[in-house]
Amino acid sequence: MIPGAFEYLRPKTLSDAIAMLATHGDEARPLAGGHSLIPMMKQRLASPSHLVDLAAIADLAVLREEPDGLVIGAMVTQRALLGSALVQVKAPLLIEAAQQIADPQIRALGTLGGNVANGDPGNDMPAVMMCLDATYMVQGPKGARQIKAREFYRGAYDTALAAGEIVTAIQVPVVAGQGVAYEKLKRKVGDYAVAAAAVALTLRSGEVTSCAIGLTNVAPTPLWAKDAAALLVGTRLEADAVKKAVAAAEAITDPAADGRGPADYRRKMAGIMLARALARAQQRAA
Amino acid sequence: MNDMTPTREAREARLEGMGCKRKRVEDVRFTQGRGTYVDDIKLPAMLYGDMVRSSYAHARIRKIDTSKAEKVPGVVAVITAETLKTVNLAWMPTLAGDVQMVLADGKVLFQNQEIAFVVATSLQAAADGVELVEADYEELPVIVDPFKAMAADAPVLREDLAGKTEGAHGKRDHHNHIFKWQVGDKSLTDEAFNRAEVKIDELLSYHRTHPSPLETCQCLASFDKIKGELTLWGTFQAPHVIRTVVSLISKLPEHKIHVIAPDVGGGFGNKVGAYAGYVCAVVASIVTGRPVKWVEDRMENLSTTSFARDYHMRTEIAATRDGKVTGLRVHILADHGAFDACADPSKWPAGFSNIITGSYDFPVAHLCVDGVYTNKAPGGVAYRCSFRVTEAAYAIERGMDILAQKLGMDPAELRLKNFIRREQFPYQSALGWEYDSGDYATALNKAMAAVDYAGLRAEQKTRREAFKRGETRSIMGIGVCFFTEIVGAGPSKNCDILGLAMFDSCEIRIHPTGSAIARVGTKSTGQGHETTWAQIIASEIGIAASDIMVEEGNTDTAPYGLGTYGSRSTPVAGAAIAMAARKIRAKAQMIAAWLLEVHEDDLTFDIDRFQVKGVPERFKTMTDIAWVAYHAPPPGMEPGLEAVSYYDPPNMTYPFGAYICVMDIDVDTGVAKTRRFYALDDCGTRINPMIIEGQVHGGLTEAFAISMGQEIRYDDMGNVMGASFMDFFLPTAVETPHWETGHTVTPSPHHPIGAKGVGESPNVGGVPAFSNAVNDAFSFLGSTHIQMPHDAWRLWKAAEKLGVTG
């Protein structure tokens, strides 16, 4: 459990960080909260020669509301998120998800950017971001660009980020009257999900006018359950409609068998979590 | 007397003797981060050792190339089996009479087996060296399932045993067979089954798990070439035994070996045995002439240093139609992994598993245990239980519930009907033990009253009906367990370890000013001996517990003891402490009589003093007496006030308890929630009720973990799965149920203070209580037995099989 030798770099500006990552290429890794990368280094599953710590870059710690929604810097920690009155009011789903990430010690260091950017299917925020249709602000040697969360994840630890690019901020749309819920089944505090479901929906006179669903840890990537959500628009979330949506969501899962259970169990649990999240989101929708 | 004379109550309170909820004195340093654990010790020029481990579960090793590792800056030496052969230490004896590779010699037999030991000037350099040691493997077929180990065509695991048909415990029937151990009358038992009106027959598996102390196994070896002396600090539950073993295998004379167990962060059986890391650190220190430290990481601890359980118990009970048990027949398949490194008393290859008749009056019984080798890590330690007692308790307590279900009887009623009655003690069990004392019906009735058992059963009936009507997706289970432990190993007539009788010891020295130091042969790994041993002495000789220093773990200063495991400290060392104290009190009485100018028989002992019978104002306190013992003892009497006692117990002690667990299970997710858990323990005389309660809470938390998900799992290739705290279920305060405790007191008749030991009872009784609750929840759906561990996915699978998932 001793990592190999590495050089530790601590740039103060984003441009310096990008330059350092470009200089050292594949051998360098950006370091945010470190709670995915450092355990891998300790097991020598990752042996970067250079760690570029993003902690000193003030621009990455912003948290403000803009016309297009909330803008949350990549280095905002889960704990900072949980303490933000703005997020509580404008994006309560993030609060609900952050509360279920790991434990207080990890949340004190773990960042939103690290959680969404490293492509670990066990992380909770990616499915939440897909559900909320968030956009990732990305900066790299070739400049800035934006990538939709729903288009970001390609495989386990494989994302749309190009070499040398980092996520700098996340833009989360704010939707009035939205009912949201994140249901996570886990073995114990601190564990990744057996299965989890994020739901955001709006109702008019009890009828679903919009619905989005994200699923955590039931496939090599987080899942945006687009078809399942579409089946619910126009319904009043009657048992039958929910059953159809659950079946559609289960159909796109491809869970791994591990200590959390065999694949068939985790697929079913994705469905159960979705049904429970839908029920809670329905109650909360204005 | 004047107004300044303290009252008897005040004197008793100051004493903090037995029965007092004295706060743990060791916690003053532990809660401030001032404990001294092995890894806190740093010596000048110290080197660090790190293990190279096998990627495969079964493979021949063609070659180990250490040349690249040796070139890493900071690496001082790389030790392999070839190095160890030069000092005849490539293999070492196990406590169970087998031999075990220290470093892989020609082949590996389990994943993560030790292959080479890299010694370097820093942890980093050692780890860099480990990465560069290259082993060339030829994979061999793997056995992980003990049921396949004895197939005719099963691969040969232990080539070193080729042609050996006799093992340490008799005849071996197969190349992967270790021993067959039988006890009881087979023909009478078979007859009882032939005549039986009702029978049950169920395979009850107790899965492989691990004691997982928070501090992993570690040591620091320092060999002084000039003096020819070895000092070995380590996480040892039995430091004296380690000293003797080191002397026997290293050929160093025992007086030149100093074994020291400093503060130890939990043991639970994991720290009884001797491990490859210890041998390698010692050899490396001898080879390099420098101190060498070896510290396991979490994965190494979970995947290589002794596991627990892995017992597969075919359990049969014969009974009459009205619920009287008439016979017990059990066959156990015991998976010992690659080497038989069980930490049991030497003549007990299956521990005390013949306690399997439990709390019930079985007229006849027969037990047969077959031990087998598989490609899994060696071990088989008593994880917070006496030797194999928790496995036995699980089999009988699940068995009784299965029988109750078959008879249509309430499981508590079945137990009450078959208990060994109070007047039957001392009771000779059908499998050879003499139970010392018990009052089982009183204990179970008290537990049932505490939880309103009848009310719970009525509620369960209502809820089951509601479930059948589709009004709820939750099922309710009530788990009853009544266990009898056998602890305090042990009487020399029964037990030894490598020929050493399993006594324990205490030396007490009273200082001239009336305070004292007591040294004991046990070693606390969290039990609070510094607190409780002083309480025993306080009550026995009248010196306040706060004036008594307790010291353990240094083999140069402590009298020889067999250590702390199997709940033996209180039954064995606790008795030695009382007996040593009584020697001191006897001498103190002589001094007091001389001072008060009366006959010894005219004195009575009262809390902290001897006083003249009927004249309480004429007295001498222990402080007065201590001073006189060193200042001007009676003519003809040796000065000083100290005593040593070695105690060979006449019998084991038999703590017992009644546990009731109430659980609700969501059939849609398989998630089980413990609504209530009540634990009544009878450990005889209670030394410190607060520590007992803490022990019970801790043991129940482990029992909860084991029954509800804690597991060392292997895939078919022998890869150990989830050997980290991400997957290995160590519950946090969030998952852990709330514990309610109660007690009855039935003292041990043969123990000087009547105490029986308690630390392991909750693990022994807790596991069947949880499992019975789970099984009881499902029983109305037609289920007889669901194997542990009862984690959510397995319970969901059980529900699915019964057709009740959504």
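Chain A of this predicted model has 11 helices and 14 strands. For its 286 residues, a compact globule would have a radius of gyration near 19 Å, and chain A agrees with that, at 19 Å. Measured out along the principal axes, its C-alpha atoms fill a box of roughly 55 × 45 × 35 Å. Buried residues make up 54% of chain A. The chain exposes about 11,900 Å², of which carbon and sulfur atoms supply 53%. Among contacts between residues at least 6 apart in sequence, 62% join residues at least 24 apart.

Let me take one residue of chain A as an illustration. A:Leu274 has its place in helix 11, which covers residues 263–284. Is A:Leu274 buried or exposed? A:Leu274 counts as buried, because its relative accessibility is 0%, and the limit for that term is under 20%. Which residues does A:Leu274 touch, if those up to four places away in sequence are not counted? They are A:Ala197, A:Val199, A:Ile213, A:Ala245, A:Val246 and A:Ala249. With A:Val199, the separation along the chain is 75 residues, while the two C-alpha atoms are separated by 7.5 Å.

I turn next to the cysteines. The structure holds zero disulfides over all chains. In chain A, A:Cys211 is in no disulfide, and the nearest cysteine sulfur, that of A:Cys131, is 7.6 Å away. A:Cys211 is buried, with a relative accessible area of 15%. In chain B, why does B:Cys342 form no bond with B:Cys385? The sulfur of B:Cys385 is the closest cysteine sulfur, but it lies 11 Å from that of B:Cys342, which is too far for a bond. B:Cys342 is also buried, at a relative accessible area of 0%.

That brings me to chain B as a whole. Chain B has 20 helices and 37 strands. Its radius of gyration is 28 Å, close to the 28 Å that the globule rule gives for 806 residues, so chain B is as compact as a globular protein of that length. The C-alpha trace spans about 80 × 75 × 50 Å along its principal axes. Of the 806 residues, 63% count as buried. Chain B exposes about 28,500 Å², and carbon and sulfur atoms supply 53% of that area. Of the contacts in chain B with a separation of 6 or more, 80% come from residues 24 or more positions apart.

Within chain B, I would draw attention to an open sheet. Seven strands form this sheet, in the order 3-7-1-16-13-14-15, with mixed pairing. Which strands lie at the edges? They are strand 3 (75–79) and strand 15 (257–260), each of which pairs on one side only. On average, neighbouring strands of the sheet are turned by 20 degrees against each other, direction ignored. Strand 14, residues 229–234, runs parallel to strand 15 and is joined to it by four bridges. One residue pair here is B:Thr231 with its bridge partner B:His258 in strand 15.

Two helices of chain B lie across strands of this sheet. Helix 5 (residues 123–132) lies across strand 1 (47–53), strand 3 and strand 7 (114–120), and runs at about 25 degrees to strand 1. Helix 9 (residues 276–288) lies across strands 1, 3, 7, 13, 14 and 16, and runs at about 25 degrees to strand 13.

A further residue of chain B is B:Thr66, found in the loop between strand 2 (59–65) and helix 3 (67–70). B:Thr66 is buried, with a relative accessible area of 14%. Leaving aside neighbours within four places in sequence, B:Thr66 is in contact with B:Val78, B:Thr80 and B:Val133.

Finally, I come to strand 18 of chain B, residues 325–335. Eight of its 11 residues are buried, so strand 18 is largely enclosed by the rest of the structure. How does strand 18 pair with strand 17 (residues 307–319), in the parallel or the antiparallel sense? The pairing is antiparallel, over nine bridges, and B:Ala319 has B:Val325 as its bridge partner in strand 18. The two strands form a hairpin with five residues between them, and B:Gly323 in the turn has a positive phi of about 95 degrees. Strand 18 is also joined by eight bridges to strand 19 (residues 365–372), and these two run parallel. There, the bridge partner of B:Leu328 is B:Ala365 in strand 19.

How values were computed:
Residues numbered from 1 in each chain as written. Chains lettered and ligands numbered in written order. Predicted model: local features only at pLDDT ≥ 70, side-chain atom pairs only at ≥ 80, totals over all residues. Heavy atoms only, no water. Buried < 20%, exposed > 50% of the residue type's maximum accessible area, 1.4 Å probe, protein only. Contact = heavy atoms within 4.5 Å. Pairing = 2+ DSSP bridges. Axes fitted to C-alpha atoms, helices over the stretch in contact; angles between N-to-C directions. Disulfide = S-S within 2.5 Å. Rg over C-alpha atoms; globule rule 2.2 N^0.38 Å. Areas by Shrake-Rupley, 256 points an atom, 1.4 Å probe, with all protein chains shown as cover.
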